[in-house]
Amino acid sequence: MIQVKAFAAYDAETPLKPFEFERKEVGPNQVQIEILYSGVCHSDIHTAKGDWGPAIYPLVPGHEIVGRIVKTGENVTKFSEGELAGVGCFVDSCRKCSSCLEGEEQFCEEGMTGTYNSYERGTTTPTYGGYSTTITVDQDYVLHVSEKLDLKGVAPLLCAGITTYSPLRYLKVGKGHKVAVLGLGGLGHMAVKFASSFGAEVTMLSTSPSKEADAKELGAHNFALITDPATMESLANSFDFIINTVSAKHDYNTYLNLLRKNGTMVIVGAPPAGEPLQAFTLIFKRRAIMGSLIGGIKETQEMLDYCAEHNITSDVEVIDMDYINTAYERMNKSDVKYRFVIDIASLKN
Ligand code: NAP
Ligand code: ZN
Ligand code: ZN
């Protein structure tokens, strides 16, 4: 067994604390990764705090993992020792349903195995995420990471990156499109980078006036304060697409009204509850609302390769492990620029 140091939530109320556990030795198809950086996603907070229902405690969050391979199983052909590697939101799936066969394992009909808050397939062994020193994962669920990019900024691509890349690609967003990004946090800042990189005209919709200059630097052409009613009125019927990344309860109808005819709002933010949807906000302009969940392994690799080619990384604030509870508090106040990333070396001391 491999001894692992970690930080865990022991319940929904108390702060995360140190936790030690064991992982199984690498299986024939697995690699062992020494974790170097782990991003902090708002989903970690929702899960740890029980926003989406009861969690499996002790819970070791973290699904934006980058590190170096330190061991490979005897059947591993895709990776070798010493290589950089990444792990995202899931570590297994059924591999035989139509979604898995189409490379969209996130929609596995039997349910994907989450990187944390899940059980290893067919067992009662909980999965533990990236707020830990090492992880073992089947090679088919591991991503190649370029040596060219700043590794700290790569970690958030494994969730925030793919979650915004995937719907923009699915909707073929590009030149001539007006895209609004709602909420400038981890997902939002990656949505701005990708949408502008794909050639769209991007407007940042935010509740935080202090983020305007950064939004423009990230690639937004316009910035609008959604707390100002006159601004909201002036933006009615403007956008082809809205990427909604908001983590807290809000009224979808308000933002649907900003879509022009045939416009689509993509829900990627996952607040635990919402306001009722009004039929007329959709009917009158043939508007659509759709959801999107991370991305499959194939598309995640495509996204990482796109980022390496176009020099795209996340803007991060690197923290020590024991800062995690403060980071959660700050994210709940929208005080994040624009992703916290844990330096896992701080766990080893
Ligand atoms: P984050 O970094 O905390 O950013 C969320 C942003 O939303 C805030 O910075 C803030 O931006 C805005 N916001 C917060 N409360 C708001 C409110 N009441 N009204 C309007 N805007 C508000 O969170 P994240 O990590 O990007 O995650 C965002 C959401 O996506 C979470 O719910 C997470 O669970 C979900 N998620 C979904 C997927 C998926 O596959 N669909 C994947 C990852 C995460 P401003 O300061 O600009 O207003
Ligand atoms: Zn996430
Ligand atoms: Zn499947």
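Which residues line the largest cavity? I will answer that in a moment, but I should say at the outset that what we have here is a predicted model, and that everything I describe has been computed from it.

The largest cavity is lined by Gly88, Cys89, Phe90, Leu143, Leu158, Ile162, Ile294, Gly295, Ile297 and Thr300. Searching the whole structure turns up 1 cavity of 30 Å³ or more, and the space inside the largest cavity comes to about 60 Å³. If we sort its lining by class, we find 7 nonpolar and 3 polar residues, with no charged residues.

Let me turn now to the metal sites, beginning with the zinc ion that is ligand 3. Its coordination is provided by the SG atoms of Cys94, Cys97, Cys100 and Cys108, at 2.3 to 2.4 Å, and along the sequence these donor residues follow the spacing C-x2-C-x2-C-x7-C. Cys94 sits in the loop between strand S6 (90-92) and helix H2 (98-101), while Cys108 sits in the loop between H2 and strand S7 (113-114), so this pair ties together parts that are 14 residues apart in sequence. As for the geometry, the 4 donor atoms subtend angles of 103 to 120° around the zinc ion (ligand 3), and the arrangement is therefore tetrahedral. For reference, the ideal angle for four tetrahedral donors is 109.5 degrees. Cys94 has a relative accessible area of 12%, and so is buried; Cys108, with a relative accessible area of 7%, is buried as well.

What are the protein donors of the other zinc ion, ligand 2? They are Cys41 through SG, His63 through NE2 and Cys159 through SG, and they lie 2.0 to 2.3 Å from the zinc ion (ligand 2). Along the chain, these donors are spaced C-x21-H-x95-C. The pair of Cys41 and Cys159 links distant parts of the chain, 118 residues apart, with Cys41 in the loop between strand S3 (30-39) and helix H1 (42-48), and Cys159 in the loop between helix H3 (151-154) and helix H4 (160-170). Both of these cysteines, Cys41 and Cys159, are buried.

From H4 we can follow the chain to His177, which is found in the loop between H4 and strand S10 (178-182). Is His177 buried or partly exposed? Its relative accessibility is 23%, so His177 counts as partly exposed. In space, the C-alpha atom of His177 is 5.1 Å from that of Ala200, although the two residues are 23 apart in sequence.

Next, the second largest pocket, which holds about 430 Å³ of space. Its lining is made up of 23 residues, and those lying nearest its centre are Gln30, Val91, Glu120, Thr127 and Thr136. Strand S2 (17-23), S6 and strand S8 (134-138) are the elements that give two or more residues to this lining, and S8 gives the most, with 4 residues. By class, the lining of the second largest pocket comprises 7 nonpolar, 8 polar and 8 charged residues.

Finally, a word on the nonpolar cores. The largest of them has 95 residues, and Tyr131, Phe194 and Ile324 are those with the most contacts inside it. Another core, of 18 residues, lies apart from the largest one, and includes Ala180, Leu205, Leu259 and Met265.

How values were computed: Residues numbered from 1 in each chain as written. Chains lettered and ligands numbered in written order. Predicted model: local features only at pLDDT ≥ 70, side-chain atom pairs only at ≥ 80, totals over all residues. Heavy atoms only, no water. Donors = N, O, S within 2.8 Å, 3.2 Å for Na, K, Ca; no water. Tetrahedral: all angles 85-135°; square planar, octahedral: opposite > 155°, others 65-115°. Buried < 20%, exposed > 50% of the residue type's maximum accessible area, 1.4 Å probe, protein only. 1 Å grid on protein atoms, 1.4 Å probe; cavity = no way out; pocket = protein on both sides within 12 Å on 5 of 7 lines; lining within 4 Å. Points joined across faces, edges and corners; volume = space filled by probe spheres on them. Nonpolar A, V, L, I, M, F, W, Y, C, P; charged D, E, K, R; others polar. Core = buried A, V, L, I, M, F, W, Y, C linked by side-chain atoms within 4.5 Å.
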